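Thank you all for coming. I would like to walk through one structure with you this morning, so please have the sequence and the model open as we go.

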Amino acid sequence: MIRLRKKRVKPMHINDITIIDDSKLKKAITAAALGNAMEWFDFGVYGFVAFALGQVFFPGADPGIQMIAALATFSVPFLVRPLGGLFFGALGDKFGRQKVLSVTIIIMSVSTFCIGLIPGYATIGIWAPILLLLAKLAQGFSVGGEYTGAAIFVAEYSPDRKRGFLGSWLDFGSIAGFILGAGVVVLISSIVGETNFLEWGWRIPFFIAAPLGLIGIYLRHALEETPTFQQHVDKIDSDSRKDIAEPPKVSFREILTKQWKPLIVCVGMVIATNVTYYMLLTYMPSYLSHSLHYSEDHGVLIIIAIMVGMLFVQPFMGLLSDRFGRKPFVIIGSIGLFILAIPCFILINSGVVGLIFAGLLILAVLLNCFIGVMASTLPAMFPTHIRYSALAIAFNISVLIAGLTPTIAAWLVEATGNLYMPAYYLMVVAIIGLVTGIFMKETANRPLKGATPAASDRAEAKEILQEHHDNIEQKIEDIDAQIVELEAKRKNLIAQHPDID
């Protein structure tokens with residue numbers, strides 16, 4: 001007779017499911033998205049005024065070299081992002097997500113504001129680019145903990161069935177920040193004129209970081225800690241009082257040895273997403289004006305129109321991912337990028353406004369496939385006690401690579417004279433994205449690792465509980481069927497071999 005050892009499983013009750021407070025959830029998403037908008041406001045401004053910064057901080061150089069130097073100053077801060085990720089990640093896992101996010105937005109807003117204060121090369125010489133670099137390094141250090149912390153904050157606040165939709169608003173903030181940055185640049189440039197813009201007008205967008213930062217600080221300071229992290233802290237306190245176990249410590253070695261598979265998947269997804277992001281939204285304005293000699297104002301307006309379109313697509317992608325899963329969007333986006341990269345650049349290089357717009361729009365929709373699911377996918381890969389540290393390490397190493405995209409793309413075009421080098425670059429990245437999509441685990445509609453299920457209300461909690469019980473009953477039926485099948489095989493073998501005991 002076949003005997004199975006039964007494992008006692010603690011039954012799930014309705015009280016084991018976290019009911020998310022809707023008002024707190026809205027505040028969390030607003031605060032996280034605003035901080036992310038702050039980050040990308042600076043990136044958007046910097047990308048759109050790179051031509052001006054090149055002339056102010058690197059005068060006397062060839063225009064092509066000026067552009068590369070200005071974009072290199074944009075890329076260098078990515079070197080310190082992994083350090084910021086390590087620092088803020090460890091703090092976030094130890095002291096909580098809310099406290100760290102309040103600190104990062106302060107550093108980010110102050111450093112962005114300081115860029116507007118730096119005198120030009122004509123005034124203080126070599127100290128001008130040095131001070132610019134220092135301000136960008138401070139930004140890079142703070143941003144090392146910003147996006148990952150914001151993504152975790154939203155993910156840990158979101159109900160399991162809506163995490164894709166709610167997480168998509170984080171990158172909605174990114175795009176909105178880009179639009180605001182680009183729009184401010186266009187508005188100021190048109191008001192003060194090109195000459196005044198080069199002299200002092202370029203500083204105004206960076207000064208706007210101060211009031212945005214104050215709003216972000218206020219919103220984040222008023223937030224409560226995420227339910228998931230609070231449960232984690234409560235469990236540690238309970239275990240400590242009962243003298244059951246030592247509080248789990250964040251170990252870099254544990255992250256590398258036990259979490260290497262999700263780390264690799266995370267790196268691949270972030271590279272595919274952010275290279276496409278920086279290529280389209282940071283490099284393309286410079287590509288249109290410098291490489292294609294297209295009107296700067298027209299090029300900026302086209303990019304702004306593209307980003308406005310992305311705002312409408314972004315939440316829709318997140319919503320669909322809650323229904324169909326995250327994997328399909330990563331795979332579809334990667335395949336589309338590989339097949340359509342060259343056709344898109346053929347359209348962009350056509351010189352016809354409508355075709356340029358069409359080429360950029362296709363790339364934008366493919367980018368939405370990635371960013372629509374990234375904020376909900378990445379936090380779900382790691383358990384609570386190392387989630388911030390692990391994600392910050394993987395994300396910022398990846399962004400370090402992706403952040404070089406504008407500089408490398410500009411250098412490749414300048415060195416080869418081939419205007420299709422950015423398309424080839426995207427095709428390589430698409431292969432990375434496809435492999436990542438194939439090997440990543442589906443996380444849609446599932447609790448975060450190490451966390452209890454989360455629901456929007458009690459009715460949804462009851463549905464989750466019922467599904468849990470149904471799944472258990474189905475598994476029991478499957479095991480019973482396997483036992484019957486094995487018992488039949490055993491009897492058949494005995495019948496065929498009577499000498500078997």
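Glu 224 is partly exposed, with 45% of relative accessible area, and I should say at once that everything I describe today comes from a predicted model. The side chain of Glu 224 meets that of Lys 24 in a salt bridge, with 2.9 Å from N to O. This pair links distant parts of the chain, since Lys 24 sits in helix α1 while Glu 224 belongs to the loop between α10 (209-221) and α11 (227-241), the two being 200 residues apart. Lys 24, for its part, is partly exposed too, at a relative accessible area of 32%.

If you stay in helix α1, you will find another salt bridge, this one between Asp 22 and Lys 26, whose closest N and O atoms are 3.4 Å apart. How far apart are Asp 22 and Lys 26 in helix α1? They are 4 residues apart in that helix, which covers residues 22-48, and so about one helical turn separates them. As a general point, an α-helix has 3.6 residues a turn, so residues three or four places apart point the same way. In terms of accessibility, Asp 22 is partly exposed at 46%, whereas Lys 26, at 52%, counts as exposed, because the cut-off for exposed is over 50%.

Those two pairs belong to a total of 8 salt bridges in the structure, and the next one I would like to show you has a rather different setting. Asp 93 forms a salt bridge with Arg 97, and here the closest N and O atoms are 3.0 Å apart. Are these two residues buried or exposed? Asp 93 is buried, with a relative accessible area of 6%, and Arg 97 is buried as well, at 0%. The pair is also part of something wider, in that salt bridges with shared partners join Asp 93, Arg 97, Glu 156 and Arg 387 into one network.

Arg 97 brings us to helix α5, which runs over residues 97-115 and therefore has 19 residues; from its first C-alpha to its last the helix reaches 28 Å, close to the 27 Å expected at 1.5 Å a residue. Several of the residues in α5 are buried, among them Arg 97, Val 100, Leu 101, Ile 105 and Met 108. Ile 115, which is also found in helix α5, is buried with a relative accessible area of 0%. The C-alpha atom of Ile 115 is separated by 8.1 Å from that of Lys 136, although the two residues are 21 apart along the chain.

Lys 136 leads on to the packing of helices. The axes of α5 and helix α7, which covers residues 127-157, come within 8 Å and cross at roughly 150 degrees. That angle makes α5 roughly antiparallel to α7, because angles over 145 degrees are placed in that class. As for the sense of the crossing, α5 passes α7 in a left-handed one.

For a second crossing, please turn to helix α18 (residues 405-416) and helix α19 (residues 421-439), whose axes come within 9 Å and cross at roughly 135 degrees. This makes α18 oblique to α19, and the crossing of α18 and α19 is right-handed.

Helix α17, at residues 387-402, deserves a short stop as well. Its 16 residues should span 22 Å at 1.5 Å a residue, and its end C-alpha atoms are 22 Å apart, which agrees. Helix α17 is mostly covered, with 13 of its 16 residues buried.

Two smaller points remain before I finish. How many disulfides are there? The count comes to 0, the rule being that two cysteine sulfur atoms must lie within 2.5 Å. Among the cysteines, Cys 114 counts as partly exposed at 33% relative accessibility, while Cys 266 is buried, with a relative accessible area of 0%.

The other point concerns the backbone. Most residues other than glycine have a negative phi. The phi of Asn 445, however, is near 60 degrees, a positive value in a residue that is not glycine. Asn 445 lies in the loop between α19 and β2 (454-455), and at 38% relative accessibility Asn 445 counts as partly exposed.

How values were computed. Residues are numbered from 1 along each chain as its sequence is written. This is a predicted model: local features need pLDDT of at least 70, side-chain atom pairs count only at pLDDT 80 or more; totals for chains, interfaces and linings use all residues. Side-chain values use heavy atoms; hydrogens and water are left out. A salt bridge is a side-chain nitrogen of Lys or Arg within 4 Å of a carboxyl oxygen of Asp or Glu. Buried means under 20% relative accessible area, exposed over 50%, partly exposed in between (1.4 Å probe, protein chains only). Axes are lines fitted to C-alpha atoms, for helices over the stretch in contact, and angles run from 0 to 180 degrees between N-to-C directions. Angles under 35 degrees count as roughly parallel, over 145 as roughly antiparallel, 65 to 115 as roughly perpendicular and the rest as oblique. A crossing is left-handed if the near helix is turned anticlockwise from the far one by less than a right angle, and right-handed if clockwise.
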